[in-house]
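This note is addressed to a colleague who is meeting the structure for the first time. The points below may be read alongside the sequence and the model.

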Amino acid sequence: MYQVISNEKINSIKLENARKIILDLQSQMQYYISKGHGPFLAAIYDEHFNLIAKAPNSVLRENCSNNHAEMNTIKLAEEKLGTNDLAPYNLSIYVTAEPCIMCLGAIMWSGIRSVYYGVPSSTVEKITGFDEGFKPNWLEEFKKRGITVYGNIEPIEGEKQLALYVENGNKVYKPSR
């Protein structure tokens, strides 16, 4: 069994809903990978669990290092709702893996209220070699800003999908330094 990480007292209803959504996203990863996308998927839902936006990682497909699943999904949600401030909509983002440093900034600035993720960054780095970035105390920093976080949700299936991505010879992007 895995230990869920959170910056608030764990709410069993929030956690159960997050498990369902994250497992659903993980089950869709191979479809998106087969279409040339990277191995990450994100979705934004409102407080009534209506899907607002969903998008995969498209860094390699679109040759843009900013096109992480979270970034793509936030952009779609903002376009759909016609705003750059998602806070009034009380939205949550669900991601197959812990957001990297770039995506954490975008989540914070977008006004999203809650983050739920599957595979922790340390495991993503072990499986793929992708550098998730320096993220000291991000859970506490999000809490200070009123953003709740639940992580390490259903990581086993996400780990399998990431390993399959790598085993099948798909490219893991990172800058050449």
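1. For the points that follow, two elements are in contact when heavy atoms of one lie within 4.5 Å of the other. The model under discussion is a predicted one.

2. The first topic is helix H4. Helix H4 spans residues 101-110, and its buried residues are Cys-103, Leu-104, Gly-105, Ala-106, Ile-107 and Ser-110. The cover over these buried residues includes H3, E4, E5 and helix H6 (138-144). After H4 comes Gly-111, which has a positive phi near 95°.

3. The next topic is the sheet. Six strands form an open sheet with mixed pairing, in the order E1-E6-E5-E4-E2-E3. Strand E1 (5-6) and strand E3 (51-56) are at the edges; each has a single partner strand, so one side of each lacks a neighbour in the sheet. In general, the strands of a sheet pair through backbone hydrogen bonds, in either a parallel or an antiparallel sense.

4. One pairing deserves separate mention. Strand E5 (residues 114-119) pairs with strand E6 (residues 148-151) in the parallel sense, over three bridges. Ser-114 has Thr-148 in E6 as its bridge partner.

5. Helix H3 (residues 69-81) lies across strand E2 (41-45), E3 and strand E4 (92-97). Relative to E3, helix H3 runs at about 145°.

6. How do helix H1 and helix H7 lie with respect to each other, and at what angle do their axes cross? The axes of helix H1 (residues 12-34) and helix H7 (residues 155-167) come within 9 Å and cross at roughly 10°. An angle under 35 degrees counts as roughly parallel, and H1 and H7 are therefore roughly parallel to each other. On the H1 side, the contact involves Leu-23, Gln-26, Met-29, Gln-30 and Ile-33, which meet Glu-157, Gly-158, Gln-161, Leu-164 and Tyr-165 in H7. The residues of this contact of H1 with H7 comprise five nonpolar, four polar and one charged.

7. The last topic is the cysteines. Why is there no bond between Cys-100 and Cys-103? The sulfur of Cys-100 has its closest cysteine sulfur in Cys-103, at 3.7 Å, which is too far for a bond; a disulfide requires sulfur atoms within 2.5 Å. Cys-100 is buried, as its relative accessible area is 7%. A search of the whole structure finds zero disulfides. Cys-64 is likewise in no disulfide, and the cysteine sulfur nearest to that residue, in Cys-103, is 11 Å away. With 27% relative accessibility, Cys-64 counts as partly exposed.

Technical notes: Residues numbered from 1 in each chain as written. Predicted model: local features only at pLDDT ≥ 70, side-chain atom pairs only at ≥ 80, totals over all residues. Heavy atoms only, no water. Pairing = 2+ DSSP bridges. Helix = DSSP H or I, 4+ residues; strand = E, 2+ residues; numbered from the N terminus. Axes fitted to C-alpha atoms, helices over the stretch in contact; angles between N-to-C directions. Parallel < 35°, antiparallel > 145°, perpendicular 65-115°, else oblique. Nonpolar A, V, L, I, M, F, W, Y, C, P; charged D, E, K, R; others polar. Buried < 20%, exposed > 50% of the residue type's maximum accessible area, 1.4 Å probe, protein only.
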